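Colleague: I have some questions about how the labels on this model were chosen. Please take them one at a time.

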Amino acid sequence: MLNDVVVIGGGPAGMMAAGRAGELGAKVALLEKNSSLGRKLLITGKGRSNITRAEFNPKELLKKYGREGDFLLHALSTFGPKETVDFFEKRGLKMKVERGKRIFPETDSSKDVLDILMCYLKDNNVEIKTNSEVKEIISSHGKISKIILSSGKEISAKNYIIATGGKVFPGTGSTGAGYDWAEKLGHTVAKLRPALVPVKIKEDWPQKLQGLSLKNVELTVFQNGKKKDSRFGELLFTHFGLSGPIVLDLSFIVGELLERGEVKLVLDLKPAMDQQSLDKRIQSDFIKYNNKFFKNSLDDLLPQKFIPIIIELSGIDPFKKVNVITKKERRGLAKIFKNLKMTVSSLLGFESAIVTSGGVLLREIDSKTMRSKLIENLFFAGEIINLHGPTGGYNLQICWSSGYLAGQSASKRK
Ligand SMILES: Cc1cc2nc3c(=O)[nH]c(=O)nc-3n(C[C@H](O)[C@H](O)[C@H](O)COP(=O)(O)OP(=O)(O)OC[C@H]3O[C@@H](n4cnc5c(N)ncnc54)[C@H](O)[C@@H]3O)c2cc1C
């Protein structure tokens, strides 16, 4: 018997789409090229899966998806963070809210998230076909007629959902095949770039801080002396430069700006204080450590690892007694705390990014159904569409919402 729906890609979006279509009574096959489903899902949130956010107003949530975030309004209103939490909790996996409104399973295990999705598929009689790599999609007259697997086998269905993900972490199976098919079917694919990706820095000093994580700092992006964007939060120094949530979130704009020219980053270690208050604070520490060498006077203000770097950048002799440091030198020091300048050399590649920016153009997809506007029996779900959010559960939410809607719409299209 002909399948009602064939879903290509067994990631979070594909699993949700297939399960929902099956739940509504459709005969569904889910094709995955790996030997198991959800390989990338297992590594999300460092193995804990930050599945969504405690932001239950779709209109508020949309704002974080950038200029075209409105596209998600219908999907989020149909199946948003509340429905996502209910979905897992109703099936026995309790959720908890952590710092920054991030929602994780109480068990801290992405395997438990995957297990719930596997049960959802089985309960709704979805035929799971692993080791089934789709090689080609054949269409004529604005309609897909069949798909061909690498094995040569051909499969047909009334409707098809492409949920093959993006191009990042290709070792998990997401190698970008869906973009090529979409283009061959007449869709436009917006330029693909690694997003939510660490940043390489030209200067040497950040590398010396490798492994150091700083909370409550501010990072600002500049081009040609003009401020472009900034983030407050947590940053991590690495052997190549910078990573951590605020760096990942800024990486998209950094990538865009790099195509136009040099990009500078400015790190403020004490964003809660203006320069004057910081100078006063340093002054009071200098009074406290009056007789010490300069190199031994910064323990209250900085992590140990950072002290030699700041001393070097300040140009003040580390063996100078604190009580002979001049006002000018002290003010210069406060300025360095708030203006640590770095030059971006490049972004790391697709293999180190969290999501792909770019993808199938949103104006070619009906936001009420996730159906292609060009191919009548084709739907899209997940990272393949030209939309991504910051870190913190936004990207899996795209998968749950678009997957649910695509599965629902495809099951209804006879
Ligand atoms: C390290 C890391 C951590 C992350 N952590 C989080 C987090 O905590 N929270 C969050 O919101 N987001 C997180 N993300 C992002 C999130 O993982 C993705 O947004 C999400 O996995 C995209 O889901 P998807 O179903 O669209 O695609 P994918 O998860 O990429 O799944 C696509 C599937 O399609 C299969 N496939 C591809 N080509 C074919 C083919 N030709 N034939 C058959 N099958 C095929 C692939 O093997 C794969 O299984 C993280 C990403 C990474 C890399």
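Colleague: What makes β16 and β17 a strand pair?

Modeller: This is a predicted model, and the pairing is read from its backbone. Strands count as paired when at least two bridges join them. Residues 264-268 of β16 and residues 340-347 of β17 are joined by four bridges, so they pass that cut-off. The two strands run antiparallel. Lysine 264 faces threonine 343 of β17.

Colleague: Which strands make up the barrel, and in what order?

Modeller: Six strands close up in the order β12-β15-β14-β13-β16-β17, with antiparallel pairing. From one strand to the next the twist averages 45 degrees.

Colleague: Which helix lies across β14, and at what angle?

Modeller: Helix α9, residues 245-258, runs at about 145 degrees to β14. The strands that α9 lies across also include β12 (199-201), β13 (213-223), β15 (241-243) and β17. Angles are taken between N-to-C directions and run from 0 to 180 degrees, so a value of about 145 degrees is allowed for α9 and β14.

Colleague: Why are β7 and β9 called edge strands?

Modeller: The sheet is open, with three strands in the order β7-β8-β9 and antiparallel pairing. β7 (134-140) and β9 (154-155) each have a single partner strand, so one side of each has no neighbour in the sheet.

Colleague: How do you know that β8 pairs with β9?

Modeller: Two bridges link β8 (residues 143-149) to β9. The cut-off is at least two, so the pair qualifies. Isoleucine 147 stands opposite isoleucine 155 of β9. The β8-β9 hairpin has four residues between its strands, and glycine 152 in its turn has a positive phi of about 100 degrees.

Colleague: How many bridges hold β7 and β8 as a pair?

Modeller: There are six, in the antiparallel sense. One bridge partnership sets serine 139 against isoleucine 144 in β8. These two strands form a hairpin with two residues between them, and histidine 141 in the turn has a positive phi of about 50 degrees.

Colleague: What describes the packing of α1 and α13?

Modeller: Two packed helices are described by the angle between their axes and the distance between the axes. For α1 and α13 the angle is about 35 degrees, and the axes are 7 Å apart. Their crossing is right-handed. Contributors from α1 include Pro12, Met16 and Arg20, and those from α13 include Leu396, Trp400 and Tyr404. Sorted by class, this contact has twelve nonpolar, seven polar and one charged residues.

Colleague: Which residues are closest to the ligand?

Modeller: Gly9, Gly11, Gly165, Gly173 and Gly382 are the closest of the 39 residues that surround the ligand. A residue belongs to this shell if its C-beta atom, placed from the backbone, lies within 6 Å, so a glycine can be counted too. The shell divides into 16 nonpolar, 17 polar and six charged residues. At least two residues of the shell come from each of α1 (12-23), α2 (39-43) and α13 (394-412).

Colleague: Where do the two domains begin and end?

Modeller: Domain 1 covers 3-194 + 355-412, and domain 2 covers 198-348. Their C-alpha centres lie 40 Å apart. Five residues from domain 1 and seven residues from domain 2 make the contact. On the domain 1 side these are two nonpolar, two polar and one charged.

Technical notes: Residues are numbered from 1 along each chain as its sequence is written. This is a predicted model: local features need pLDDT of at least 70, side-chain atom pairs count only at pLDDT 80 or more; totals for chains, interfaces and linings use all residues. Ala, Val, Leu, Ile, Met, Phe, Trp, Tyr, Cys and Pro count as nonpolar, Asp, Glu, Lys and Arg as charged, and the others, Gly among them, as polar. Domain bounds come from an automatic or database domain assignment. Two residues are in contact if their C-beta atoms, placed from the backbone, lie within 7 Å. A crossing is left-handed if the near helix is turned anticlockwise from the far one by less than a right angle, and right-handed if clockwise.
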